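The exercises below ask you to work from the coordinates to a picture of packing, cavities and aromatic pairs. Each task is followed by a solution in steps.

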Amino acid sequence: MENNKLRTLDSYEIDENDNLKKVIEFFQINNIYHIRWSGKTIKKQICVHELFHYAECDCERCNLERLNLVRTKELLNVENSSRNYEYLRRGYTHYLLGNYKESYEIFYKVYTEANKNQNPINFTISKYNLIKLRGLIKSFYYENDRDEIVKKLEKIKFENDERFVKEYAPYFVDIYKNIKDLKFYDNVFDKIDDSFLKIQKFHYRDRHGGSESDAAYYKLQSSFLRFKSYLHHNFIIFNHYQEYEQLSQKILESLLVLHTLKNPETNKYEQFDWYALELWIFNIQEEFTTYLFRKYEIKTIRISMETFNKLEALVDNLLKSQIEFKKYSSVYSPLRLGRIINNIIAIITLVDKTPQQKENIILKILSNSKILLKYNLMPFDGLNFYAIKKESFIKKATLKKIAYILFLNNSTYRYFEVLEKYFELCTEKEIEKLIYRVLKINTLDDINVKSVDFEDLLYAFSLLNQNNKDSLKVKFNNILEKDFDSSLYSNLLLYDLIDFEESSFDKLLSYVVNRSDFDEKRFPFHSYQNLDFYNVMSVVFKYNLKIDEKIKAQIDKVFHKERDYFEWLMDIDNYDYTKFNSYWILKSRTKYFTERFKKSTKLKTEIEKSLKVNYIEGVAKMYFRDLV
């Protein structure tokens with residue numbers, strides 16, 4: 001020891017089996033960086049952090065965590081080590097990859113060969129993991145030996161061991177119960193839940209002008225990192241189950257709250273660490289990420305350049321491992337590659353780095369689109385988020401690539417916002433070219449209004465030159481004359497692709513479906529909304545039509561729960577506002593609703609009154625953003 005720091009002598013050769021190194025590793029694994037002695041006469045501290053500087057770990061699990069699937073496979077194919085630690089690590093890595101049979105074979109061998117007296121830890125962990133693998137093999141493994149494996153695993157139960165442990169290994173009782181009864185999870189859940197609730201209170205106070213300086217973040221961080229290390233270094237199968245995902249969600253939400261606090265006097269989470277991004281990338285569902293972005297209005301995320309480089313390295317490693325995509329692209333694998341890529345793109349979109357630095361990573365993904373599409377790994381949602389983010393600058397060429405991928409290779413979801421953003425940057429010729437390609441036609445005369453992509457291209461049609469729009473107008477009028485379609489008609493009117501004519505509008509009114517007798521009990525999961533009448537009101541507002549008796553008569557076709565709403569909609573300035581519900585303004589179907597609301601001084605006055613009595617955040621945001 002020198003100057004209260006534990007050091008190794010230059011002449012002292014440290015190898016893998018060195019006891020000192022093992023002790024230091026134990027402390028570091030458990031996030032213990034200082035050891036203090038205190039007494040009446042002497043107080044000393046030993047620092048055990050950064051005593052050893054290792055090269056990047058090249059084991060199979062660490063390579064997998066870096067998404068280097070090729071190297072992971074190479075290491076798994078190397079002859080098995082005789083060391084239990086490495087053997088367990090191999091079994092755990094197979095589990096992460098979804099190789100459930102291989103994982104079972106390793107843990108079963110450890111379980112049957114382990115001496116309960118001499119090595120109760122390996123015995124207990126392998127037994128716990130086999131019980132977990134039983135469910136996975138039952139659900140996701142369908143080879144011929146499935147029933148035989150399940151039969152073996154069903155004989156393995158924890159109930160048979162507790163008496164033995166108490167009698168022959170009493171020192172291990174607490175650890176045994178910790179694993180058997182999932183106390184390792186319950187303990188950390190309570191701590192993280194407590195921190196989560198405190199941080200939610202911070203958020204509330206911050207929004208109302210308060211400040212905080214509590215150390216809830218440090219409790220959250222230390223609790224999670226120790227929990228992660230416990231699973232990580234004991235190879236306990238747990239971190240891709242629902243409980244772990246719920247824990248991860250609370251941690252991510254807490255960090256985003258602390259990252260976005262406004263009061264300068266409050267302690268914030270200034271910069272996302274790699275452990276937080278790793279948790280996010282591997283364990284959070286895309287839908288929950290989207291929910292958090294909206295809930296906390298996340299515009300940017302601050303990270304270091306070192307962390308950004310790690311993000312890029314993940315992408316590089318994954319794309320270099322495409323030869324392994326066929327085997328490891330299953331949605332039943334704990335390693336969800338599709339989710340991982342989507343989450344990486346979402347993070348890249350928001351980080352505080354230059355547009356070019358972010359675009360470089362996106363272009364790498366786009367350049368591998370064929371292989372990603374082949375194995376259903378194309379991150380459609382992530383690319384859509386990146387493309388439509390208002391705060392992000394995106395080059396036209398990159399936007400074009402994304403638009404083409406989203407529309408030419410995806411038939412499930414419609415990403416029309418990306419297309420509209422791209423069209424705004426295009427020449428007319430470029431718009432025509434994309435219309436032809438999406439609709440698979442050679443001329444505008446070949447347009448089929450029944451095509452599933454037709455509605456997504458209405459904005460594009462409206463950007464064509466006048467000659468082309470006049471030709472389309474004739475075509476669309478002829479189609480409507482032969483076979484009137486109320487939805488098609490209202491859409492064409494709203495995009496100025498046909499002219500308003502009263503006779504055709506009267507026909508639209510006649511097509512409003514009567515939903516006044518809708519039976520909620522019979523159809524509990526069906527919407528009672530009268531979408532036809534919404535379309536009518538969009539046309540009314542766009543063309544500033546007088547609401548005459550013919551339009552008012554349509555009120556008898558709506559379900560009773562919508563009657564007050566449509567009565568207000570048809571007489572906004574003279575409505576009896578004692579019956580007004582401020583939520584109604586959030587039901588806007590098109591921009592023409594908002595434009596009409598903006599014209600009404602009476603409506604804006606009533607919204608102000610309602611917000612004073614019953615503050616609704618969505619209403620307030622729309623009021624300040626769109627109406628005033």
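**Exercise 1. The core**

Which residues does Phe505 touch, not counting residues up to four places away in sequence?

*Solution.* The model is a predicted one, and side-chain atom pairs count only at pLDDT 80 or more. With residues up to four places away in sequence left out, the contacts of Phe505 are Tyr489, Phe500, Val536, Val539, Val540, Leu545 and Ile551. The next step is to place Phe505 in its wider setting: the largest nonpolar core has 193 residues, and Phe505 is listed among those with the most contacts inside it, together with Phe272, Phe461, Met537, Trp568, Ile585 and Phe597. The element that gives the most to this core is helix α17 (residues 337–350), with nine residues. As background, nonpolar side chains tend to be buried together in soluble globular proteins.

**Exercise 2. A single valine**

Is Val150 buried or exposed, and which residues does Val150 touch, not counting residues up to four places away in sequence?

*Solution.* Begin with the location: Val150 belongs to helix α7, which covers residues 146–154. The relative accessible area of Val150 is 8%, and because buried means under 20%, Val150 is buried. Beyond the excluded places in sequence, Val150 touches Ile137 and Lys138. For Lys138, the separation from Val150 is twelve residues in sequence, while the C-alpha to C-alpha distance is 6.8 Å.

**Exercise 3. Two cavities**

Which residues line the largest cavity, and which line the second largest cavity?

*Solution.* A count of cavities of 30 Å³ or more gives two. The largest cavity holds about 40 Å³ of space, and its lining consists of Lys116, Pro120, Phe123, Thr124, Asp161, Phe164, Val165, Phe172 and Tyr176. Sorting this lining by class gives six nonpolar, one polar and two charged residues. Helices α6 (120–140) and α8 (162–168) each supply at least two of the lining residues, and α6 gives the most, with three.

The second largest cavity has a volume of about 30 Å³, and Val315, Leu318, Leu319, Ile341, Ile344, Ile365 and Leu372 line it. Two or more of these residues come from each of α15 (305–320) and α17, with the largest share, three residues, from α15. By class, the lining of the second largest cavity has seven nonpolar, no polar and no charged residues.

**Exercise 4. Aromatic pairs**

How are the planes of the rings of Phe224 and Tyr244 set, and how far apart are their centres?

*Solution.* The description of a pair of aromatic rings rests on the distance of the centres and the angle of the planes. The whole structure contains 51 aromatic pairs. For Phe224 and Tyr244 the centres are 6.5 Å apart and the planes stand at 50°, so this pair is tilted. The pair links distant parts of the chain, with Phe224 in helix α11 (residues 216–234) and Tyr244 in helix α12 (residues 242–259), 20 residues apart. Both partners are buried, Phe224 at a relative accessible area of 1% and Tyr244 at 5%.

For Phe580 and Trp584 the centres are 5.6 Å apart and the planes at 85°, so this pair is edge-to-face. Phe580 is buried with a relative accessible area of 14%, and Trp584 is buried with 10%. Finally, Phe580 and Trp584 belong to one aromatic cluster, whose members include Phe533, Tyr565, Trp568 and Phe597.

Technical notes
Residues are numbered from 1 along each chain as its sequence is written. This is a predicted model: local features need pLDDT of at least 70, side-chain atom pairs count only at pLDDT 80 or more; totals for chains, interfaces and linings use all residues. Side-chain values use heavy atoms; hydrogens and water are left out. Helices (H or I, at least four residues) and strands (E, at least two) are DSSP runs, numbered from the N terminus. Buried means under 20% relative accessible area, exposed over 50%, partly exposed in between (1.4 Å probe, protein chains only). Contact means heavy atoms within 4.5 Å. A nonpolar core is a set of buried Ala, Val, Leu, Ile, Met, Phe, Trp, Tyr and Cys residues joined through side-chain atoms within 4.5 Å. On a 1 Å grid over the protein atoms alone, a cavity is a set of points where a 1.4 Å probe fits but cannot get out, and a pocket is an open set with protein on both sides within 12 Å along at least five of seven lines; lining residues have an atom within 4 Å of a point. Grid points are joined across faces, edges and corners, and a volume is the space filled by probe spheres set on the points. Ala, Val, Leu, Ile, Met, Phe, Trp, Tyr, Cys and Pro count as nonpolar, Asp, Glu, Lys and Arg as charged, and the others, Gly among them, as polar. Rings of Phe, Tyr and Trp (its six-membered ring) pair if their centres lie within 6.5 Å; planes under 30 degrees apart count as stacked, over 60 as edge-to-face and the rest as tilted.
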